[in-house]
Every structure is written in C-alpha cells, then in structure tokens.
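Q: I've got a model open and I'd like to learn how to read it feature by feature. Where do we start?

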Amino acid sequence: LQEFKVQKKNYRQEKKKATKQLFSALKDPRVVIMADWLKIRGTLKSWTKLWCVLKPGVLLIYKTPKTGQWVGTILLHSCELIERPSKKDGFCFKLFHPLDQSIWAVKGPKGENVGSITQPLPSSYLIFRAASESDGRCWLDALELALRCSSLFRLSASKQAKDGDLNCSNDSSHAGLYNLLHTATVSDQELFHLNDSALENHHLENDAFSDKSERDNLEESENELHENSRKTNESESDQSEIHGELSQEKKGTTYLEQNYEEFGETGECSQTETVSDENKSLMWILLKQLRPGMDLSRVVLPTFILEPRSFLNKLSDYYYHADLLSQAALEEDPYCRIKQVLRWYLSGFYKKPKGIKKPYNPILGETFRCCWFHPQTNSHTFYIAEQVSHHPPVSAFHVSNRKDGFCITGSILAKSKFYGNSLSALLDGQAKLIFLSSGEEYVITMPYAHCKGILYGTMTMELGGKVTIDCEKSNYRAELEFKLKPFFGGSTSINQISGKIKSGEEVLASLDGHWDGEVYINDLKNGSTDIFWNPTSEVRKQRLKRHIVLFEEQTEFESERLWQHVTSAIGKGDQHKATQEKFVLEEEQRHAARERKENGTEWKPLLFWHNATTNEWHYKYEDLRPWDPLNDIAQYEKDGILQTMQRHLSNRMSTHKNMCISNQVARHKVISNYQNTESSCSTPESVQELSDDEGKYCILQFVILPIYLHYPK
C-alpha cells in the first residue's frame, strides 16, 4: 500500500511537471511554431492583413507584431483544417468548426475581454491567404503540428487549475492562457440560469478526465486545498460555508433561445402592400373619423395592419449586432469609435416585417425582457423595457452589458399624424449610449416612418428625417438623413441615406447608400471610398442569438403573455377574434384608469423613474461602474432587476455590496457627477484594506472557485 502511494505521488508530480513545461512554452515568447503576416477575410468579404502567431494549441492574431494589439485567439482543439481553392494569387486555407460552433477564445492571453478589430470576423470559421503557395504549405504543416498539441494543452490546463498551483496564481499571463482555454469548454445551452449554484455545478461537471483515477486525484487535491485554507485562515469560514453562501444566491430569470425570426423580403417588396377590398372598407370607416393633422394615438386601429408583437419588443431589433458596441468600447481612437457606433446604428434597420405592419400599442405597465449572448466575450446584453405612460404613450428602455463596457438608456414618445393619403409615425425621444470605462456619452435620435397610398394607390412605407449621434466629450458627431422616395424616382431611389462624420466643424467623412443595403464611406482626408456597412446574408448569419423569458416565468403584464390571444388569432388569420381580444385588453386598461381616477391614486412605473428636471426616464437599477474582473463574476437579471454576481470575499464585503444596491436610485440623481462620486459604490478593496491572512484566503478562493469563467450561455 505504501509503495502504491509513492507511485501515485510520483505520478502527480510528473504530470504537474509536464503541465508547467507546456505552460512555460506557451508563455515564453521564444516558443513559437510560426509567425508571419496573413490576410484574413471578414464577414463583409473584405481582406485584412494581420500578424498571426502560432503556438501549441492556439493561434494568436494581432494587428501588428510590435504594438501587440490583440485581435483574437483561435482554439485549435475545436478546429479542422482544409485547403481552400482560390482564383487569386497566393494560397488559401480554412480553419473551421465541423459543427458550426465558435472557434474563438473568450479572453485574450493577458485577460482581454474583446479583441481590437476593425471589421466583424466569422465565429465558426476563418479563411486565411498566404502570400505564396510555399508559405501556405508551411502554414499547413505548422498548423497540423499545433492541432496535435491542442488536446494535451486543454487537458493540462483543466487539471492544473483543479490542482490549485498557488505558485502560478499570481502570473497574469499564465492565468490568461488558462482562461482562454477553459472558458471554451462551456456548452451552448438553450436554457440558462444566471445564479451562483448553477455556476458552481457547471464548474464541477464540465471538466474532462482521462480516467477514474485522475478524478480521484482531483478530489484528493481539492481536499488538500481545503485543509490548507482552514490552516491559513482559521478565523474565516471553511470552504463548505462558502459553497453554502453561493447556493443561497437568488436565482436569475430563465431565458430560452429564440429559434425562429421573421424577416420580410429585401428591397422595396416588403415595404409595399395592396389592401384587399374587405380591408379597404374598414379603412374608409376609420378614415371618416379623421382630419388632416390629427394625432392617431387615441384611435383604435384595425387588426389587419398589426404586426403580431408589441412596440416594446420591436425596439429590441437594434441589438442583434450589439457585438459591434463591444468592439467600439475597446477602440482607442475617437474617430474609429464613432464609426463603429454608427455601424451598429445602421445594423438595426434592415430587419423588416412582412408587408406594412404596425406593432401593438403597449398597455400601461407592460414590460418586455430579452437578452443576447456574445460568444466572443462570454457576456450577455440585457434589454429591459416598460410602458411608463399611456397618454402620451411613452416607452422607456434600458440596455446593459457591463462586462463589455456599455449601457444604453432612453425613452420614446410615439406619435402618429394623419395627412389624408399618408400618415407618419414619429419617434420623439432619444437614447443615450454610455461607454463605462471612458464615461463617453453618445446621444442618439431616431427617424420617422412614413406611410403613403392609404386612400388610393399602393401602400408604401419608408423612413425619413434627419438623425444625429453626438458625443460632447470627444466633440465627434455623425449626421444622417433618411430620404423619402421622390415623386419621379425609380426603384434605386427608395431607402436612400446620406450623411457625414464631423469633428467639431470639420467634416472627416461622408456616407451614402441605402439603409437596408450597402452604405459607402468616403474618407475626405485620403479620398478613399469603401463599403461601410452591408447586411449580406453572411452578416445576417452572424446576428447574435436572442433569448426571451421562459413563458412560465413571465409576469401577467409581460408582452408575450399579455398579447398571446391577439397574436394567436392574427396567426390563424381570424381578424374577428383578434379584434375581440384586443378590445378586452383595451377595456381592462380603461377600467383600471377609471379606478385610479376615482381613488385618487397615481400610476407608478415598476422599473423606471422620471427626472422632472431633465424630463428623462431612468432605469431604477442602473449600474454604470466599469467592470471589475477581479470581483465581478457575471451580470444577470431577476424580475426586471439587473444585478452583478460578485465574489463573496467576506461578510463585510457582502454588506458593502448590499449597501451599493440599496443606494442605486440615489446615485441616479447625481449621475452627472458619477466619476467624482464613484467611491460611494466602489469595489470591496477600496472600502477596507485586507489583512495578510485575508489576502491568502482570497487567493485560495480564486483557485478553488474560478466560476466567473464558466457561466452557461
């Protein structure tokens, strides 16, 4: 028995030695299989020349070899390699995931959250072009070697983290390499709970081991770490108490991936509709009640012109490409930053309903929640919206992705004006985009929708008006004009857009094209013209996956549950039933309004509050602190309240966190002085300095519970 124990001890030591040697090779800048310039094709089918560094198991991509601006890391353990035929000079090859899953690491070699890229890159594959065939063959041979190393690297990384090597815990580059591999083991789940117990279970269940004895070694290793933790810090709780504290954390909302998404046809087809004779008679009855210039907000519209979803839901269409904002948050140059913001802004328009449709007018107090998962950064963008006023109809919304460094808040007052044979839907209001690290604010306005051909001719819908994206801090401004089709214009003159980007009074670039198609940018300094945005079929495939709240967890005033019977009737083509169900909802709203008036009670929104001084709506639980990777684990949502899961280093720190949450609303009132008062809601380390023992305890906790890397999608 004693001899067996000695053998097991030697076995563990040899494995740890091999692991250290492998990680040392990866950290050592001299250990490089191959490094050279390669052209890489983006999702917009344009090529970018980038510096590629091949190491065992990973391919690191940088902008330049000197500055080391990290673009992304490809995990080779999930890739297949194939030569790709090409008509042009050079040699092409492709790295791809055989099941069309992401090949990217979610963190960089130094812990970077998002790569510094200038154009979107595909998630499940990457196409490379070497300068010559000989260079390309060299890359193929080198990649074959690196692919063989990848499985060993992944297993070693997992085992080393479990073994808890305290000597390496302070090495940031080591941690970064472990992070980028280990985070890639997270599976893409349709249902996810953002809560501590789920994170803990996922962390324990998703590591691969070669045999049962290796799992036994892990358990022995963890038991040793538990003993060391108790010996090092006897005054603190033991590890089981930490796990108990984690499991008591409140469970987050369950979100389900939305598999189906309806798109209208591209071009002018989806913006025109011929009204049937039956529906024309209904329109005539309605129009007899109207006068030119009349506001339509109090007019009950027939159900055949309704898009079967709420206006709160429709406002979320702008965030399917929120990863562009993740990239903008990392841009150091303000000109590049506003270009990326403008590119994101344009990405929200190409999705159209089938035909000319208007979404439901939200009921007072109606809410809508959804989120998008970012595979490259392992984060979520959350969207929370509420109808905060009915007359006038005001929709307030808040969008947050603290990990990627941006938040958006705003409100829209929807107005409709009738002009005889046409009407306009005006979106009066603005959104404010905030980058958390720099404190930059971008004030954004919206175009209006114009519908003509109501009485005679073909009904046509267009976007019109001038909009701006204005950043006061950087003094950069983008101006766009959505142009209505001229009377004698052809098919190419519909959906036209033009604009410019300015720094102060200086015009830096001009834009023109179509808001549902190609948009070109002309750089006035060098005179070059390039494609700025083009929603090709490939770009559409890169849309982030939206997740909606599980129906059983939706509240009574959640959009999908509230309008379910109207939506069902419209889907079946039963306009009579849809009208009846819609009337029931509207009557309930009128009855509730009469009761409040009789009782003298005032309606109070659930999730937003109104600043009477600025006439702006703010999310009650807004958190504008920059993300702290040492303390913040994951952002999650429960009952419309966005929260950040944090490490519980001590009871004192948990108390400080609760104080921060309780003071959220008070912090809104001094939001303009946020940077000066940030200490009132700072990280736990700034509240009270940790003792030496507490510092050792924290290191052990980080080794045992690195669950911030593993929350499910």
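A: Let's start with one glycine: Gly513 is found in strand β23, residues 506-514. Keep in mind throughout that this is a predicted model.

Q: Is Gly513 buried or exposed?

A: The call rests on relative accessible area, and buried means under 20%. Gly513 counts as buried because its relative accessibility is 13%.

Q: And which residues is Gly513 in contact with, once sequence neighbours are set aside?

A: Skipping anything within four places in sequence, you get Asn495, Gln496, Ile497, Glu518 and Val519. Take Gln496 from that list: it sits 17 residues from Gly513 in sequence, yet the two C-alpha atoms are 5.8 Å apart.

Q: How do I zoom out from one residue to the whole protein?

A: Try a few totals. The protein has 17 helices and 30 strands, and 51% of its 713 residues count as buried. For contacts, take the pairs at least 6 apart in sequence: 64% of them join residues at least 24 apart.

Q: Can you show me a pair with a long sequence separation?

A: Sure. Leu624 and Ile434 are 190 residues apart in sequence, and their C-alpha atoms are 8.3 Å apart in space. Leu624 belongs to the loop between β28 and β29 (632-638). Don't assume that a loop residue has to be exposed, though: Leu624 has a relative accessible area of 8%, so it is buried.

Q: What should I look for in the backbone itself?

A: Two things are worth a check: most residues other than glycine have a negative phi, and most peptide bonds are trans. Now for the exceptions here. Asn378 isn't a glycine, but its phi is positive, about 55°. Asn615 is another non-glycine residue with a positive phi, near 55°.

Q: Where do Asn378 and Asn615 lie?

A: Asn378 is in the loop between β13 (367-374) and β14, while Asn615 is in the loop between β27 (608-611) and β28 (616-619). Their surroundings are worth a look too. Asn378 is buried, given its relative accessible area of 2%, whereas Asn615 has 55% relative accessibility and so counts as exposed.

Q: Which residues does a cis peptide bond join?

A: His391 and Pro392, with omega at about 0°. Pro392 lies in the loop between β14 (379-389) and β15.

Q: What comes after that loop, in β15?

A: Let's pick two residues there, beginning with Ser395, which is in strand β15 (residues 394-401). Its relative accessible area is 2%, so Ser395 is buried. For a buried polar side chain, a good habit is to look for a partner. In this case the side chains of Ser395 and Gln387 are joined by a polar contact of 2.6 Å. Beyond four places in sequence, the contacts of Ser395 also include Phe311, Leu312, Pro362 and Ile412.

Q: And the second residue?

A: That's Phe397, also found in strand β15. It counts as buried because its relative accessibility is 6%. Phe397 touches residues including Leu315, Tyr319, Tyr383, Ile408, Ala431 and Phe608. The C-alpha atoms of Phe397 and Ala431 are 8.8 Å apart, with their positions 34 residues apart along the chain.

Q: How do I read the packing of nonpolar residues?

A: Look for cores, then for the members that touch the most others. The largest nonpolar core has 56 residues, and those touching the most other members are Tyr319, Trp344, Tyr345 and Tyr383. Helix by helix and strand by strand, α10 gives the most to this core, with seven residues. Tyr383 is in contact with Tyr319 and Phe397, among others. Apart from that core there's another, of 28 residues, among them Leu59, Val71, Leu76 and Leu140.

Q: How many cavities of 30 Å³ or more does a search find?

A: It finds 14. Let's read the second largest, with a volume of about 120 Å³. Its lining includes Phe397, Ala431, Tyr319, Trp344 and Tyr345. The elements giving two or more residues to that lining are α10 (334-346) and β16 (406-418).

Q: What is the character of that lining?

A: Sort the lining residues into classes and count: eleven are nonpolar, with no polar and no charged ones.

Note on methods: Residues numbered from 1 in each chain as written. Predicted model: local features only at pLDDT ≥ 70, side-chain atom pairs only at ≥ 80, totals over all residues. Heavy atoms only, no water. Helix = DSSP H or I, 4+ residues; strand = E, 2+ residues; numbered from the N terminus. Buried < 20%, exposed > 50% of the residue type's maximum accessible area, 1.4 Å probe, protein only. Polar contact = N/O pair within 3.5 Å; in protein donor to acceptor, adjacent residues only side chain to side chain. Contact = heavy atoms within 4.5 Å. 1 Å grid on protein atoms, 1.4 Å probe; cavity = no way out; pocket = protein on both sides within 12 Å on 5 of 7 lines; lining within 4 Å. Points joined across faces, edges and corners; volume = space filled by probe spheres on them. Nonpolar A, V, L, I, M, F, W, Y, C, P; charged D, E, K, R; others polar. Core = buried A, V, L, I, M, F, W, Y, C linked by side-chain atoms within 4.5 Å.
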